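Thanks for sharing this one. Here are a few notes to read with the structure open beside you.

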Amino acid sequence: DVIHYKPNDITVDAVWGTLAFKLDNFTNKKAAILGCGNIGFKLALKLVESGVNVRIHRRDKDKGLLMEEAINSIKPQSCNSSAKYFLSSSEAAKSCDIVIGSSSGNQVINSKIIENMPTDSILIDVGKGNISNNALNKALESDISVFRGDVTSALLGFILQSEKSKDFVAKKM
């Protein structure tokens, strides 16, 4: 049997699951997503819908502003959190509880960003190489929790869900 899946969606679910495990709740948290492409955009929407105020940064200002507008337009009306685009990655990440690097192999998280993070914050590298070595060392010295996005748990959950859905459709619907 073939299981159809979207790798980027599994990645988003894996990062969201990591945050759900590490945080007591999402309400009133601030997150920065640096490198807001397909994965970053989907993650930003999911976090906003969960109560997180999300600050997004990407090099292309027009696309960044469009993403801000799209997220704020389609989120549920009852949702008090929002997305905001920032031209500067340092400004986007300033004083955030969560900083997520979601760029295609670019070191979007540097030492300056780490200097402006609270000590009990969370740093996540969604891909590979989003955090410079200096920033990583500074984060570890500052007791900032650092994670690399890993899809294992989300993939296993997705496979189980697919099997249960197939069984449900075949036998109950």
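1. A word on classes before the pocket comes up: Ala, Val, Leu, Ile, Met, Phe, Trp, Tyr, Cys and Pro count as nonpolar, Asp, Glu, Lys and Arg as charged, and the others, Gly among them, as polar. Please also keep in mind that this is a predicted model.

2. With those classes in hand, let us take the largest pocket. Its volume is about 350 Å³. The lining is made up of 17 residues, and those closest to the centre of the pocket are Gly 35, Cys 36, Ser 102, Ser 103 and Ser 104. By class, the lining holds ten polar, four nonpolar and three charged residues. Helix H2 supplies the largest share of this lining, with three residues.

3. Next, the sheet. Six strands form an open sheet with parallel pairing, in the order E3-E2-E1-E4-E5-E6. Which strands stand at the edges? They are E3 (83–85) and E6 (145–148); each has a single partner strand, so one side of each is left without a neighbour in the sheet. On average, neighbouring strands are turned by 20° against each other, direction ignored.

4. Within the sheet, have a look at E1 (residues 30–34) and E4 (residues 98–101), which run parallel and are joined by four bridges. Leu 34 is found opposite Gly 101 of E4. Helix H1 (residues 7–22) packs on the sheet and touches E4, E5 (122–125) and E6. The direction of H1 makes about 160° with that of E5.

5. Now for helix H2 (residues 38–49) and its contact with helix H3 (residues 61–74). The axes of H2 and H3 come within 10 Å and cross at roughly 35°, and the crossing is right-handed. From H2, Phe 41, Ala 44, Leu 45 and Val 48 take part, meeting Met 67, Ala 70, Ile 71 and Ile 74 of H3. What classes of residue make up this contact? Eight are nonpolar, with no polar and no charged residues.

6. Finally, back to H1, this time with helix H7 (residues 152–171). Their axes lie 8 Å apart, and the two helices pack at an angle of about 115°. This crossing, too, is right-handed. On the H1 side the contact involves Ile 10, Asp 13 and Ala 14, and on the H7 side Ala 154, Leu 155 and Phe 158. Sorted by class, the contact of H1 with H7 has five nonpolar residues, one charged and no polar.

Key:
Residues numbered from 1 in each chain as written. Predicted model: local features only at pLDDT ≥ 70, side-chain atom pairs only at ≥ 80, totals over all residues. Heavy atoms only, no water. Pairing = 2+ DSSP bridges. Axes fitted to C-alpha atoms, helices over the stretch in contact; angles between N-to-C directions. Contact = heavy atoms within 4.5 Å. Left-handed = near helix turned anticlockwise from the far one by under 90°. 1 Å grid on protein atoms, 1.4 Å probe; cavity = no way out; pocket = protein on both sides within 12 Å on 5 of 7 lines; lining within 4 Å. Points joined across faces, edges and corners; volume = space filled by probe spheres on them.
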